[in-house]
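Me: Please take a close look at one part of this structure and describe it in a connected way. Please also state the cut-offs behind the terms used.

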Amino acid sequence: TSGHADEFSHAVQIGNAITQKRMMDVLLQARDLGLFSALTDCGAGGLSSAVGEMGAELGAQIDLDLVPLKYAGLRYDEIWISEAQERMVLSVPQEHVEALLNLSKSEDVEATVIGVFGTPAHELVLRYAGNEVARMSMAFLHDGIPMPTRQAIVTKSIPASESVVATISHSPDESTLQQLIRVLSHPNVASKHAIIRQYDHEVRGGTVIKPLVGVGEGPGDATVLRPKPTSFKGVVLSGGMVPHILDSYEMAQASIDEAIRNAVCVGASLRTMAILDNFCWPGVHDALSMGTLVRACEACRDASLAFSIPFISGKDSLHNQFTDTDTGRVIRILPTLLISAIGVINDVRKCVTMDFKQAGNHVIVIRPASKSPSLQESLAVHQLAESLISSGTVLSCHDISDGGYLTAAAEMCIASGKGIEIDANLPISIITDCFLEHRAGYVIETSRPLTSVPSGIDAVSLGTVQSHGDFAFKGDKIAVSKLHAAWSSTLDW
């Protein structure tokens, strides 16, 4: 912001979708008209964080008694720090104030001038009922507080749980397909359709690929949005979260890898991708807990640099525990990192979904040759998958995650209603790890075999798509409809 600018607070009540829509209409119109130069929301800390951050370089003067309140009786300090996530703070040049006020009024949105950016000494000045109640240097506010130094202890790596299958009990004489049924019905793998439908996943009617895919509504890898009806350019949104890997460094890298390959599956380019972090930690109450957080952060740095994919935002919640008042036992969540990825697709008509398309097509597993791939080895597989999809070679694509490649192939059958005949001559190595969750692994459908792949990458022909609707493996078979029933019923609320 250059020079002085007025502050506005747009009030929107939580849960009132119509009022929220009105505010969004105002913001979009004001943006297109160039009526404001900066904006942020009133999240944690309310105006204190919003104004404090926006006015870091210029200072700000705020009249707290002008701030609209949801209820009367708040002290001026409460007005200043009260969280109000339903409000936005805008920086508006003086010459645009009247236009923004009139625009807000036309949409029945409350807009209030509460102060100005810019003070002679670059200070934060707060006034209430004509009295100055606070004055503080912005330089001190942002840089003057001594930061504590904490100790972090990093222990040796914890062996990673290789698959959710490790948490599923099964008898030694159980067949692979019986075990597949158990995996598909596991809560980590089973359909989340009841949860998905509780929320708006249509996004103003511009959703090209929805969370559930195909005639069988299988688990899509990522969502694709088409924001502008006049353009075929799309936005890809995906996520990755692997909390059952106990080593925090490996868990963080696996979460990043999962978010990236989910986006690649639908056609996103690594060159236009960015990621966000959401740290959900049990606590940083001791040096060992701090050590796990440090290692996760180091993993984020290493993966971001190796993949040349930047972190553009994020958040953290570092105290997720409670004490059982009856027993005194402290219950803590697992250290968890949720990674969200966003990417751009130039033409949404070329997007790929995970449901099988045509009987007779080849089903191929591509993955790093190493079971513990380096970041560069994983990147090579992501680049190959992107290249094959962009060339039109891939007709369907699904990432190998919870439950391994056999589960991924079963989900592709569920989504399409088609079957698969697993090749009877599969290498022993791939048969024995059919439920292993390989990082950077994909199952793809092509109309012809792959002729060559770069060194360091395994490309194994898994079988062929069938029209009969059976999943056949090593002389045994099961109807895809039974797989669908097992997958969809666990969380069918």
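Reply: **A helix pair and the largest pocket**

Helix α9 passes α10 in a right-handed crossing (the near helix is turned clockwise from the far one by less than a right angle; helices are DSSP runs of H or I with at least four residues, strands are E runs of at least two, numbered from the N terminus). This is a predicted model, in which local features need pLDDT of at least 70 and side-chain atom pairs pLDDT 80 or more, while totals for chains, interfaces and linings use all residues. Residues are numbered from 1 along each chain, and side-chain values use heavy atoms, without hydrogens or water.

The axes of α9 (residues 287-307) and α10 (residues 375-390) come within 10 Å and cross at roughly 45° (lines fitted to C-alpha atoms over the stretch in contact, with angles from 0 to 180 degrees between N-to-C directions). α9 is therefore oblique to α10 (not under 35, over 145 or 65 to 115 degrees).

The largest pocket is lined by 33 residues, and Lys192, Gly220, Gly239, Glu258 and Asn262 lie nearest its centre (an open set of points on a 1 Å grid where a 1.4 Å probe fits, with protein on both sides within 12 Å along at least five of seven lines; lining residues have an atom within 4 Å of a point). Two or more lining residues come from each of β12 (234-240), α8 (248-266), β17 (336-345) and β19 (394-399). Strand β12 gives the largest share, 4 residues.
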